[in-house]
Amino acid sequence: MLDQIVQLAQLLISGVAQGCVYALVALGFVLIYKATETVNFAQGELMMLGAFLALTGAAIFGWPYWVSIVFAIAVMAVLGMLAERLVLRPVLGHPAFTVVMVTIGMGYVMRGVVTMIPAWGTETYSLPTPFADHVIKLGQLVLPTQSLAVIGMTIALCVVLYTYFRFTRIGIAMQATSQNQLAAYYMGIPVPRINMLIWGLSAAVSAFAGILLAPMTFVHANMGFIGLKAFPAAVLGGFGSVPGAIVGGLIIGVVEALAGFYLPEGFKDTAAYIVVLLVLMIKPSGLFGERQLKKV
Amino acid sequence: MRFLFKTSYEQDVRLFQHGGQVFWYGLLGVLALLAPWLLSEYLLSQIVFVLIYTLVGLGLMVLTGYTGQVSLGHAAFLGVGAYTEALLQSHGVSFLISLPAAALISAGVGVIVGLPALRLRGIYLAIATLAFGIIVEEILTRWEAVTGGGAGKHVKSMRLFDYSFDGSDNAFYYVCLITVVLSALGVLNLMRSPTGRAFVAIRDSEISAASMGIHLARYKALSFAISAALTGLGGALYAHKLSFITPDQFGLIVSIELITIIILGGVGGLHGAVFGAAIVILLPQMIALAKDYLPEGATPTAGLQSLVFGLVIIGFILFEPMGLHGRWLKIRTYFTLFPFYRRGMFRRQRAFMKSERTK
């Protein structure tokens with residue numbers, strides 16, 4: 001009995017660690033969706049690019065871990081802003097699905113570029129981290145420092161983001177923009193520039209997610225597909241809700257870990273999608289989403 | 001300049017609007033019939049792929065282009081069609097029965113997907129179909145007794161009575177051609193019927209459609225069924241063409257590739273499906289050709305291909321949202337109206353205030 005409880009706790013911890021990554025990617029596109037109503041299918045690729053940049057910093061230039069994290073996040077923030085300015089702003093006002101196709105195209109471009117850069121290519125790399133391979137033993141429970149670090153850094157990022165949105169001028173402006181663009185515009189908030197900054201912020205958060213994911217799955221050109229699991233996370237939490245994205249991500253991570261252990265083979269990879277189909281059928285507005293009625 | 005002066009209602013729903021169209025489509029038909037003698041084996045095989053993708057494009061055109069429902073899981077229908085065909089062929093069923101069966105089973109699966117679609121719209125529908133596509137791919141991999149699992153399944157050659165032929169024969173080209181022509185005529189007729197008009201009404205505004213007495217659930221499910229049937233038919237032919245199918249040929253990447261058919265070709269016209277299928281099939285070939293002229297021999301094709309593919313998608317949406325068919329319409333209008341063509345003639349109103357949240 002005790003063994004089973006320990007096992008369950010073990011699964012929960014690894015699920016939560018994986019879920020943190022989903023949560024951050026989901027957070028990335030909830031930010032974008034709330035502000036610009038664009039669903040960014042390239043979020044996973046942004047994450048992949050961030051991981052590759054950190055890898056370049058750490059493994060090729062030989063920078064310390066923290067420096068390469070900052071480097072990757074900064075470069076991705078700039079890239080995110082550029083993407084908004086050059087590709088997404090021109091399609092503003094087009095049908096939603098057209099914009100989705102643009103982001104899918106961006107995903108293709110990023111994957112293509114990564115495989116074409118000689119030092120990156122199609123190979124698989126591992127990102128060296130300062131907390132690799134240690135374990136902390138708590139009674140029978142074995143806690144890998146890797147997972148704890150992921151959970152800790154996610155919490156830290158959430159606190160930073162919370163204070164940013166709650167207390168800084170620009171954070172409040174971003175909140176206003178995502179609640180009502182037109183009203184924000186009338187209040188003198190430069191909406192296009194805010195949208196650009198939100199893309200930068202979202203890309204930076206994704207890069208961070210990629211760096212956290214790197215020790216768990218390795219860095220490779222197709223790691224962006226993991227970002228697709230963040231859609232179920234975002235839908236589960238109600239598509240436009242930031243706390244919802246985090247909770248949704250954690251739930252998806254835990255469900256996946258449990259499904260991988262207790263259910264037959266094949267359920268681990270599809271668990272997230274089965275959950276999202278169920279949510280969409282039963283409660284399409286998600287756990288935290290507000291119910292929207294259409295006025296005629 | 002040609003003026004179409006309509007004097008009767010029948011003229012409005014006529015398949016060919018004027019003599020010019022009869023001539024050009026007739027010429028295209030003759031060329032298509034003679035293609036096996038005119039073209040090399042390689043080109044013909046590419047054209048077969050274009051025909052198969054055209055079928056899928058027609059299916060997506062009905063669903064996305066006319067009914068306005070987005071699907072990111074269409075490769076699943078392709079897969080259902082392909083595996084149904086492979087299974088029936090392994091039991092020695094004639095393709096005259098197995099092709100419609102593949103279409104019907106795909107249509108059934110389409111209805112299952114279409115039912116929840118009533119409650120979902122826009123991006124939620126896209127995510128639901130994406131989830132569905134991934135689940136179907138997993139089922140195809142795991143259900144080894146029927147699908148052969150990840151190891152793949154061999155597809156027997158087509159048989160008509162005692163005569164058998166496989167995906168590289170001329171006879172197969174004709175099977176594809178006839179299927180595509182019949183399907184295209186079917187879709188054209190559908191779009192001239194009350195059902196087709198209902199689809200377009202749903203696309204333009206669900207609320208107005210419902211208030212005009214259109215049963216949304218029934219028509220959306222029907223649209224999914226028709227679309228899935230056409231895609232399943234395409235899948236069945238695809239299985240024969242490839243002669244060996246594995247589940248990963250029906251994954252998410254393929255679904256996206258299928259969507260790009262109508263995006264590149266142009267939504268809202270059957271020509272778009274043909275043009276789009278042609279680009280999606282020929283683009284990788286052209287990249288492979290262009291690679292020979294690139295200075296660096298070390299560039300991996302896969303990366304270049306995905307880079308160019310992405311750039312083409314973005315480029316089309318930014319600069320030619322109406323797709324290749326739209327570009328063709330513009331060029332044609334330029335010449336028929338010469339010198340009175342204005343740049344703003346095809347400009348569409350952007351709907352900045354149109355929001356999925358407040359709509």
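This report describes helices, their packing and selected residues in a predicted model with chains A and B.

Local features are given where pLDDT is at least 70, side-chain atom pairs count only at pLDDT 80 or more, and totals for chains, interfaces and linings use all residues. Residues are numbered from 1 along each chain as its sequence is written, and chains are lettered from A in the order in which they are written.

**The contact between the chains**

The contact takes 41 residues from chain A and 42 residues from chain B. Two residues are in contact if their C-beta atoms, placed from the backbone, lie within 7 Å. On the side of chain B that touches chain A, at least two residues each come from helix H6 (123-142), helix H12 (252-265) and helix H14 (301-319). Helices (H or I, at least four residues) and strands (E, at least two) are DSSP runs, numbered from the N terminus. Sorted by class, this side of chain B holds 29 nonpolar, 6 polar and 7 charged residues. Here Ala, Val, Leu, Ile, Met, Phe, Trp, Tyr, Cys and Pro count as nonpolar, Asp, Glu, Lys and Arg as charged, and the others, Gly among them, as polar.

**Two helices and their burial**

H12(B) has 14 residues, which should span 20 Å at 1.5 Å a residue, and its end C-alpha atoms are indeed 20 Å apart. The expected span of a helix is 1.5 Å times one less than its number of residues. Of the 14 residues of H12(B), 11 are buried. A residue is buried if 20 or more other C-beta atoms lie within 10 Å of its own, exposed if 12 or fewer, and partly exposed in between, with C-beta atoms placed from the backbone. Among the buried residues of H12(B) are B:Val254, B:Leu258, B:Thr260 and B:Gly265. Just after H12(B), B:Gly266 takes a positive phi of about 115°.

In chain A, helix H4 (residues 96-116) has 21 residues and reaches 31 Å from its first C-alpha to its last, close to the expected 30 Å. Because 18 of the 21 residues of H4(A) are buried, this helix is largely enclosed by the rest of the structure.

**Packed helix pairs**

Two packed helices are described by the angle between their axes and the distance between the axes. Axes are lines fitted to C-alpha atoms, for helices over the stretch in contact, and angles run from 0 to 180 degrees between N-to-C directions. The table lists three pairs.

| Helix pair | Angle | Axis distance |
|---|---|---|
| H5(B) and H11(B) | about 145° | 6 Å |
| H3(A) and H8(A) | roughly 140° | within 7 Å |
| H1(A) and H10(A) | about 140° | 6 Å |

The angle makes H3(A) oblique to H8(A). Angles under 35 degrees count as roughly parallel, over 145 as roughly antiparallel, 65 to 115 as roughly perpendicular and the rest as oblique.

The crossing is right-handed for H5(B) and H11(B), for H3(A) and H8(A), and for H1(A) and H10(A). A crossing is left-handed if the near helix is turned anticlockwise from the far one by less than a right angle, and right-handed if clockwise.

The contact of H5(B) with H11(B) is made up of 18 nonpolar, 8 polar and 1 charged residues. For H3(A) with H8(A), the division is 18 nonpolar, 5 polar and 2 charged. The contact of H1(A) with H10(A) has 18 nonpolar, 7 polar and 1 charged residues.

**Individual residues**

A:Val6 lies in helix H1 (residues 2-36) of chain A. This residue is partly exposed, because 15 other C-beta atoms lie within 10 Å. Leaving aside residues up to four places away in sequence, A:Val6 touches A:Gln140 and A:Leu141.

B:Ala217 belongs to helix H11 of chain B and counts as exposed, with 12 C-beta neighbours inside 10 Å. Its C-alpha atom is separated by 13 Å from that of B:Gly110, although the two residues are 107 residues apart along the chain.

Two residues other than glycine have a positive phi: A:Phe218, at about 75°, and B:Ser243, near 60°. A:Phe218 is in the loop between H8 and helix H9 (230-236) of chain A, and B:Ser243 is in the loop between H11 and strand E4 (244-245) of chain B. A:Phe218 is partly exposed, with 15 C-beta neighbours inside 10 Å, and B:Ser243 is partly exposed, with 14.

Finally, the peptide bond from B:Phe338 to B:Pro339 is cis, with omega near 0°. B:Pro339 is found in the segment after helix H15 (323-336) of chain B.
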